Amino acid sequence: MNNLTFDILAHDPKSSARVGVLHTDHGDIPTPIFMPVGTAGSVKAVHQHELRDEIDAKIILGNTYHLYLRPGMEILRAAGGLHRFNGWERPLLTDSGGFQVFSLAENRKITDEGCTFRSHIDGSKHLFTPENVMDIQRVIGADIIMAFDECAPGESDHRYAKRAMELTHRWLDRCISRFEQTEPLYGHHQALFPIVQGCKYADLRRISAEYIASKNPEGCAIGGLAVGEPTETMYDMIEVVNAILPADRPRYLMGVGTPANLLESIERGVDMFDCVMPTRNGRNGLLFTSHGTINIKNKKWESCFDPIDPESNALCDRAYTLAYLHHLIRAEEILGLQICSIHNLAFYLRLMDEARKHIADGTFTDWKSRIIPELSIRL
RNA sequence: GGGGAAGUCGCAUAGUGGCAAUUGCAACAGACUGUAAAUCUGUCCUCUUCGGAGUUCAGUGGUUCGAGUCCACUCUUCCCCA
């Protein structure tokens, strides 16, 4: 059982971008990396073997809130943790449920103690506290676990944002305390990442980043972005925060984002990302390609017999045509959702591969500037 | 040959005197950022300066201030009896 270690292999000469490797007990993670979201113990519509062999995902997410409600802690403990339960042998990261405190706002009540909420499944009442969220994440057993935080809405005023940030800091102290009093249950190390908050206010972001940095964490997360604020504001906040967070620790930008968001954030020193966009948008028929996004439901793909993406290593991208995928989605065939999800995830992971290569070569900023306009142009 | 039922905007439906007309499907677009999402939204007769305007409910004629709705005939479809 080893602590999380992070080796930085190269810095981009013209920006804050860097290439590294994160070492966990379940394997190494090259950075920058994109982590597919597997909320309820499954990356929706994608098999584990497809994640491993076709997409080559290095790490995937699970969600404390969802897994706690279903299947529940008893089952996960009996299964021997999430790795054993879902058959994923590579690294896992669990979100703390803090985001659900934000996204399920109508069903919850926040106090200093924690957050009471009603289950979206059966309406039953529950309480999350920093302490029990740590306990739950011990049972789930992810390699990286997240502090319990309050993610304030993007349009929050300064007063509310400050209160949410301060609550997040108080909760962090309690998370760390509980984390240090408990042991991993399955023989592998777990790293706790604290989360910077502070909304769109640079003064709060600085305070929060300094507070998080003072805890000497194994890695740091930036939360509360891409929640309604302008994209430029998000980039500004990343710069403010990354100037303060320890440079030798991995930085994880939570819940972001579009391919362009990832590249802009990498340039500003971010190492890790997760987002539902490739999977959710994929299920809804949107494909990310190196020539822009396409809506596979549109009539214009009806008789386009080109491969989905000839440059991709994913089998489905070369084996199937756009016209066939269009047909599958139109006919509501489940295979269509699977192919779209695999394609988009493979695209995101390949984008990260290329980013790492260009950072190592010292060509990142030029490549980024050239490729971003192409990502948003529609065919 | 006789008797009965029915024809509504692609399809299927609602509507029985104030209606450009209900709903579903299909179609055409759009949205989606730490997943209550295989979801949601818009358009869906024509034109529009988005205020409206013009043509519609098988066809023709009629009753009425006003007809998808009532009446007559015609056409078409389905069912039953010969």
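Biologist: Which residues are the closest to RNA strand B, and how many surround it?

Modeller: RNA strand B is surrounded by 47 residues, and the closest of them are His 120, Cys 151, Gly 255, Gly 257 and Val 276; a residue is called near a strand because its C-beta atom, placed from the backbone, lies within 6 Å of it. This is a predicted model, in which local features need pLDDT of at least 70 and side-chain atom pairs count only at pLDDT 80 or more, whereas totals for chains, interfaces and linings use all residues. Residues are numbered from 1 along each chain as its sequence is written, and chains are lettered from A and ligands numbered from 1 in the order in which they are written.

Biologist: How do the residues of the surface near RNA strand B divide into nonpolar, polar and charged?

Modeller: There are 17 nonpolar, 20 polar and 10 charged residues in that surface, where Ala, Val, Leu, Ile, Met, Phe, Trp, Tyr, Cys and Pro count as nonpolar, Asp, Glu, Lys and Arg as charged, and the others, Gly among them, as polar.

Biologist: What makes residues 158–181 a helix, and what span does helix 7 reach?

Modeller: Helices are DSSP runs of H or I with at least four residues, strands are runs of E with at least two, and both are numbered from the N terminus. Helix 7 has 24 residues, so it qualifies, and its reach of 35 Å from first C-alpha to last is close to the expected 34 Å, which is 1.5 Å times one less than its number of residues.

Biologist: Why is helix 6 called mostly covered?

Modeller: Eight of its 11 residues are buried, among them Pro 130, Val 133 and Met 134; buried means that 20 or more other C-beta atoms, placed from the backbone, lie within 10 Å of the residue's own, while 12 or fewer would make it exposed and anything in between partly exposed. Helix 6 also belongs to what covers the buried residues of helix 7, which include Trp 171 and Phe 179.

Biologist: How do you know that strand 8 and strand 9 pair, and in which sense?

Modeller: Two strands pair if DSSP finds at least two bridges between them, and strand 8 (residues 115–118) and strand 9 (residues 125–128) share four, in the antiparallel sense. Arg 118 stands opposite Lys 125 in strand 9, and the two strands form a hairpin with six residues between them, where Gly 123 in the turn has a positive phi of about 80°.

Note on methods. Two residues are in contact if their C-beta atoms, placed from the backbone, lie within 7 Å.
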